[in-house]
Amino acid sequence: MPSEVAVSATAVESWDKRWATEEGRADWLEPHPAVAAMLPELAARGARRVLDLGCGVGRHALMFAAQGFAVDAIDGSANGLGVLRATASARGLSLNLHEGLADALPFPDGRFDYVLSWNVIHHGTLGDLGRRLGEIWRVLTPGGLMQATVLSTRDSNYGVGRIIAPGTFIRDRTEEKGHPHCYCDVATLVGLLQGFEILTLSQQLQERRPGSHHWHIVAERRD
């Protein structure tokens with residue numbers, strides 16, 4: 001099995017190439033409706049500090065900053081962060097940007113009221129996913145909210161390609177060579193979410209690829 005560092009590096013490389021071109025960024029500029037729908041809940045809870053984990057070019061970080069939240073955004077892609085920095089400057093928005101990975105977040109315990117990780121933490125093995133969920137739990141304040149997506153075993157790509165670890169496959173396409181994805185059934189996912197109270201959990205068909213099924217998760221950190 002590839003080392004954890006290599007697994008993370010291949011995923012970052014793939015997305016860095018995507019964010020370097022206007023064509024690659026084109027479908028990732030507008031906030032997802034499910035994320036925008038969280039704004040009233042966050043306001044009702046008095047949430048203030050937000051982390052966009054795996055922010056890409058910043059479609060969600062920019063939305064939260066425009067709504068007055070104190071936003072930190074982290075991604076492994078220098079190209080993505082560069083685009084976000086330029087867009088935030090053009091819109092007169094203030095964000096704290098960090099280049100780094102989800103496996104060891106550079107933030108103190110209990111820092112954030114809400115952590116978003118959209119289409120990010122399943123890029124690796126199930127072990128990587130569990131560690132990333134643990135890091136999200138650590139940086140959330142008790143009672144803070146996590147909103148995330150994870151690939152489902154109903155996804156049409158589940159089982160396609162080389163298996164490198166339980167539930168984890170690599171599809172060696174030219175533009176995505178060595179880029180791992182892990183997939184969860186409900187029992188596996190619920191097990192990985194120990195330490196959280198699951199508020200909503202549903203499987204959603206994504207619009208960009210036929211047969212693309214993701215778990216949509218909203219969960220609260222337990223004390």
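## Two parallel strands

Let's start with a pair of strands: β2 (residues 70-75) and β3 run parallel, joined by four bridges. To get from β2 to β3, the chain passes through helix α6 (residues 78-91), and this β-α-β crossover is right-handed. If you would like to find the pairing in the structure, look for aspartate 72, which stands opposite asparagine 96 in β3. Please keep in mind as you explore that this is a predicted model.

## A loop with a proline

Moving on along the chain, we come to the loop between β3 (96-99) and β4 (112-117), where proline 108 is found. Is proline 108 buried or exposed? Its relative accessibility is 52%, and exposed means over 50%, so proline 108 counts as exposed.

Which residues does proline 108 touch, once its neighbours within four places in sequence are left aside? The answer is Arg138 and Val139. Proline 108 also lies 9.3 Å from leucine 140, C-alpha to C-alpha, although the two are 32 residues apart in sequence.

## Helix α7

Those two contact partners, Arg138 and Val139, are both among the buried residues of α7. This helix covers residues 126-139, which makes 14 residues. From its first C-alpha to its last, α7 reaches 20 Å, close to the 20 Å expected at 1.5 Å a residue.

What caps the N-terminal end of α7? Threonine 125 does this, with a side-chain oxygen 3.3 Å from the backbone nitrogen of glycine 127. The buried residues of the helix also include Leu126, Leu129, Leu133 and Ile136, along with Asp128, Arg132 and Glu135.

Definitions and conventions. Residues numbered from 1 in each chain as written. Predicted model: local features only at pLDDT ≥ 70, side-chain atom pairs only at ≥ 80, totals over all residues. Heavy atoms only, no water. Expected span 1.5 Å × (residues − 1). Buried < 20%, exposed > 50% of the residue type's maximum accessible area, 1.4 Å probe, protein only. Polar contact = N/O pair within 3.5 Å; in protein donor to acceptor, adjacent residues only side chain to side chain. Contact = heavy atoms within 4.5 Å. Pairing = 2+ DSSP bridges. Right-handed = clockwise from strand over helix to strand, strands pointing away.
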